[in-house]
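Work through the following exercises with the sequence and the structure at hand. Each task is followed by a solution that goes step by step.

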Amino acid sequence: PSPQDLPSHPHPIATFSLPKVGQVAPPPMNASKALHDVFLSHNSQDKPHVRAVADWLRRNGVTKVWLDETSLEPGDRLTQSLGDAMEQSRAAIIFIGPNGEGGWQGEEIDTLLNKAIKVSRQKDEFRLIPVLLPNADTSKLRWFLQTRLWVDLSKGVTDSQAELLRL
């Protein structure tokens, strides 16, 4: 199926309040755990698009973006660092590109879905935002991701892209 075949929803994602330029993000109920505004989960083959979105988020006031290549440091224990970053994020963007899920990304998605289920039973809020990249292969999109509102960047990732404003 193409992105147009996925279920749509009349309510925009824009109600999610990642901070905008000049705004301070509202703290989650457990603010001490939220060190990152958003965790970026992606297949490494989609890195150019992910970098573009990360740059756009930072230029638009979301300064605490967790992206592996800018957040990991030499000597970090990968599994520990990824786990901590996911646990300490207010939201996660899951990028769906033409190459499907990467190996690490599959593990991240499992962890993030579990976190979303756990947190939904509490008063804290945690958002998973699927983002469709150009030439995204949605044929194997997980059902749990299909049930969430997504941002469609299948036509490209540019500053003029109205879909970016939904983040």
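## Exercise 1: a pair between two helices

Asp-68 and Lys-47 form a salt bridge in which the closest N and O atoms are 2.6 Å apart; a salt bridge here is a side-chain nitrogen of Lys or Arg within 4 Å of a carboxyl oxygen of Asp or Glu. This is a predicted model, in which local features need pLDDT of at least 70 and side-chain atom pairs count only at pLDDT 80 or more, while totals for chains, interfaces and linings use all residues. Residues are numbered from 1 along each chain as its sequence is written, and side-chain values use heavy atoms, with hydrogens and water left out.

Task: Which helices hold Asp-68 and Lys-47?

Solution. Start with the elements, which are DSSP runs numbered from the N terminus (helices are H or I with at least four residues, strands are E with at least two). Asp-68 belongs to helix H2 and Lys-47 to helix H1, so defined, and the pair links distant parts of the chain, 21 residues apart. Next, consider accessibility, where buried means under 20% relative accessible area, exposed over 50% and partly exposed in between, with a 1.4 Å probe and protein chains only. Lys-47 counts as buried at 10% relative accessibility, whereas Asp-68 is partly exposed, with a relative accessible area of 24%.

## Exercise 2: two further salt bridges

Task: Find where Asp-37 and Arg-90 lie, and then which residues are linked in a network with Asp-110.

Solution. The structure holds 6 salt bridges. One of them joins the side chains of Asp-37 and Arg-90 at 3.5 Å, N to O. Because Asp-37 lies in the segment before E1 and Arg-90 in the loop between H3 and E3, the pair ties together parts that are 53 residues apart in sequence. Asp-37 is buried at 5% relative accessibility, and Arg-90 is buried at 11%.

Turning to Asp-110, its salt bridge with Arg-142 has its closest N and O atoms 2.5 Å apart. Asp-110 is in helix H4 and Arg-142 in the loop between E4 and H5, so this pair ties together parts 32 residues apart in sequence. Asp-110 is partly exposed at 34%, and Arg-142 is partly exposed at 22%. Glu-101 is linked with Asp-110 and Arg-142 in a network of salt bridges.

## Exercise 3: what the helices pack against

Task: Against which elements do the buried residues of H1 pack, and against which do those of H4?

Solution. Helix H1 covers residues 47-59 and reaches 18 Å from its first C-alpha to its last, close to the 18 Å expected, where the expected span is 1.5 Å times one less than the number of residues. Its buried residues include Val-50, Val-53, Ala-54 and Leu-57, and the buried residues of H1 pack against E1, strand E2 (65-66), helix H2 (68-71) and E3.

Helix H4, at residues 103-120, has 18 residues and reaches 26 Å. Among its buried residues are Ile-109, Leu-112, Leu-113 and Ala-116, and the partners of its buried residues are E1, helix H3 (78-87), strand E3 (91-96), strand E4 (127-132) and H5.

## Exercise 4: confidence

Task: Over which residues is the pLDDT below 50?

Solution. The pLDDT is the predictor's confidence in each residue, from 0 to 100. The mean pLDDT of the protein chain is 78, and 72% of its residues reach 70 or more. Over residues 1-32, however, the pLDDT is below 50. Where pLDDT is low, the predicted coordinates should not be read in detail.

Methods: Contact means heavy atoms within 4.5 Å.
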